[in-house]
Amino acid sequence: MSILLVFVFVLAVFLGLELITKVPSQLHTPLMSGANAISGITVVGALVVAGEGLGGFATALGVLAVAFATVNVVGGYLVTDKMLAMFRRGKG
Amino acid sequence: METWQTLAYIVASVLFILGLKMLGRAETARRGNRVSALGMLVAVVATLAAGGLDYSWIVVGLVIGAGVGAVAARRVQMTQMPEMVALFNGSGGVASMLVGWAEYLRTPDAEGVTAFAVVVTVVIGGLCATGSVVAFAKLSERISGAPIRFDRQQVLNAALLALVALAGAWVVFDALAAGGLPLVGLAFALLLLGALALGVLAVIPIGGADMPIVVALLNSYSGLAAAAAGFVIDNNVLVVAGSLVGASGLILTQIMCKAMNRSLANVLFSGFGSAPTGVAGAEVTGEAKPISAEDAYFVLEAARSVLVVPGYGMAVAQAQHAVKELADQLEAIGAEVRFAIHPVAGRMPGHMNVLLAEANVAYEALVEPDDVNPSMESIDVAIVIGANDVVNPSAKEDPDSPLFGMPIVEVDRARTVFVLKRSMNPGFSGVENALFTRENTRMLFGDAKASITALVGAFKDT
């Protein structure tokens with residue numbers, strides 16, 4: 001199973017490198033903060049850890065992880081949207 | 001894992017890929033961000049709906065996290081964006097680290113590969129967490145933006161790295177031997193603390209102007225930490241999304257390094273900018289010629305083509321709205337106004353673009369150095385606002401200069417250059433700027449916002 005994950009990992013890295021080779025500089029910040037929000041996917045791992053009933057300290061770590069990851073996800077997407085809303089064409 | 005859940009994760013992965021691709025183009029960027037957010041929603045719902053989870057504590061974590069994230073996003077000013085991004089980045093890193101830690105507590109004697117993934121998750125996540133916090137503190141000027149260096153810093157870093165590697169190996173070998181190694185708990189604690197300390201030590205010696213590179217690199221780390229966590233809990237959507245972010249962060253890091261003509265290793269380990277004195281390079285000769293706002297106004301009034309080159313100083317002075325007003329005044333009298341944005345101007349990738357967008361500057365007015373350099377001679381007035389190293393002509397003329405080879409905005413070839421600056425102090429790199437003493441350069445000393453407001457006032461009075 002883990003070797004399949006390695007396969008997925010390598011392919012996804014290459015895909016990521018191909019996906020964004022040429023980005024106009026005005027999009028650097030939104031791209032970075034948008035990508036940062038995606039890295040909040042770790043929330044899925046946090047949910048599993050927090051919910052699998054490990055009890056005690058491990059669950060506390062899990063809940064903390066859920067909270068931090070959710071800050072990353074919610075804050076990241078909102079802030080990116082806020083920035084992109086300001087980019088506009090033409091005069092106005 | 002149920003089949004439908006795997007399918008949902010595939011859908012989420014596709015949405016992330018599409019979203020990231022769309023984020024790279026101005027026309028589709030905003031939609032792209034929403035597509036990727038939808039992917040996140042799909043992944044989270046699929047995880048929660050799979051059942052077998054105790055929701056009581058999960059809800060607490062979700063509500064607190066969503067509340068904090070939403071309030072922070074709503075309150076943040078555009079000028080604070082670099083530190084906000086750093087902070088979000090750090091929270092992602094710490095979350096991955098905690099996932100790795102909790103999984104280790106659950107199965108301390110997991111198989112070797114899993115133990116290795118735990119070690120990698122904890123190290124990258126921890127490094128990313130404290131590194132981001134230090135970056136945040138530097139960017140928000142809670143601590144000095146100047147590089148912090150001390151004797152034998154590299155030795156300490158190397159020793160710490162060795163300690164972390166050793167502790168990590170201990171944890172992995174313990175798993176391979178199906179438990180039984182002594183003091184493995186201590187090794188794990190050292191691993192955790194070592195990673196956190198490494199994050200601090202890695203970022204403190206890096207100066208303010210190199211922050212765009214550090215922020216981009218930390219972004220990459222937060223993705224890699226999530227991917228590593230995916231290996232720990234055997235979850236493909238974490239691996240896909242995490243490695244996409246890891247790769248995109250690397251690309252961005254590479255773009256930033258290229259814009260500074262430096263290697264990543266040079267940024268991370270060199271003493272660049274740490275020596276305030278004794279900087280190599282030819283002596284700058286001649287005297288800077290100051291100009292008053294009133295005289296500057298008369299020159300601008302006659303200009304047909306104006307190029308604005310903003311830098312970190314514009315962000316500090318919060319001058320972006322005043323700059324936009326000045327551009328409006330110039331356009332009203334028929335001048336063409338463009339903004340030349342150097343990729344590393346400011347403290348994060350694209351910093352200037354965000355500020356100018358906030359001030360309502362249309363993005364067609366923004367050009368990159370390569371677009372404007374060939375026709376620089378046709379620019380009547382170039383206004384440099386709080387930028388320094390990115391307009392230093394030594395970068396192309398003086399092989400002895402530390403800046404030599406860095407692509408710049410070649411404003412020295414414009415007919416007239418106004419440099420708005422507080423004082424004659426050199427830029428972040430500590431290198432004297434030959435531009436200031438050029439024949440066609442005039443220094444407009446003072447706070448950038450006050451100077452520009454004075455210029456706008458002069459236009460309005462006539």
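**Contacts within chain B and between chains B and A**

Domain 1 and domain 2 of chain B bury about 780 Å² between them, with carbon and sulfur atoms giving 77% of that area. Buried area here is the accessible area (1.4 Å probe) that two parts lose on being put together, summed over both. The model is a predicted one, in which local features need pLDDT of at least 70 and side-chain atom pairs count only at pLDDT 80 or more, while totals for chains, interfaces and linings use all residues. Residues are numbered from 1 along each chain as its sequence is written, chains are lettered from A and ligands numbered from 1 in the order in which they are written, and side-chain values use heavy atoms, with hydrogens and water left out.

On the side of domain 1 of chain B, B:Tyr9, B:Phe16 and B:Leu20 supply 43% of the area buried against domain 2 of chain B, more than any other three residues. As for where the domains run, the assignment for chain B gives domain 1 (1-75), domain 2 (79-269) and domain 3 (293-461); such bounds come from an automatic or database domain assignment. The C-alpha centres of domains 1 and 2 of chain B sit 23 Å apart. Their contact (heavy atoms within 4.5 Å) draws 11 residues from domain 1 of chain B and 10 residues from domain 2 of chain B.

Turning to polar links, the interface of domains 1 and 2 of chain B has 0 salt bridges, a salt bridge being a side-chain nitrogen of Lys or Arg within 4 Å of a carboxyl oxygen of Asp or Glu. There are also 0 residue pairs in polar contact between these two domains of chain B (both at pLDDT 80 or more). A polar contact is a pair of N or O atoms within 3.5 Å; within protein, one must be able to donate a hydrogen and the other to accept it, and residues adjacent in sequence count only if both atoms are side-chain atoms. On the domain 1 side of this interface in chain B, the elements giving two or more residues are helix H1 (3-23) and helix H3 (55-75) of chain B. Helices (H or I, at least four residues) and strands (E, at least two) are DSSP runs, numbered from the N terminus. H1(B) gives the most to that side, 7 residues.

Chain A has 4 helices and 0 strands. Its radius of gyration is 18 Å, well over the 12 Å that the globule rule gives for 92 residues, so chain A is more spread out than a compact globule. That radius is taken over C-alpha atoms, and the rule is 2.2 Å times the number of residues to the power 0.38. Along the principal axes, the C-alpha atoms of chain A fill a box of roughly 60 × 35 × 10 Å.

Between the chains, 100 residues of chain B are in contact with 80 residues of chain A. The area buried between chain B and chain A comes to about 7,800 Å², 75% of it from carbon and sulfur atoms. B:Met40, B:Phe88 and B:Tyr363 lose the most area to chain A within chain B, together 7% of what that side buries. The rule finds 3 salt bridges across the interface of chains B and A. The side chains of B:Arg30 and A:Asp81 meet in a salt bridge (3.0 Å, N to O). Also across this interface are 14 residue pairs in polar contact (both at pLDDT 80 or more).
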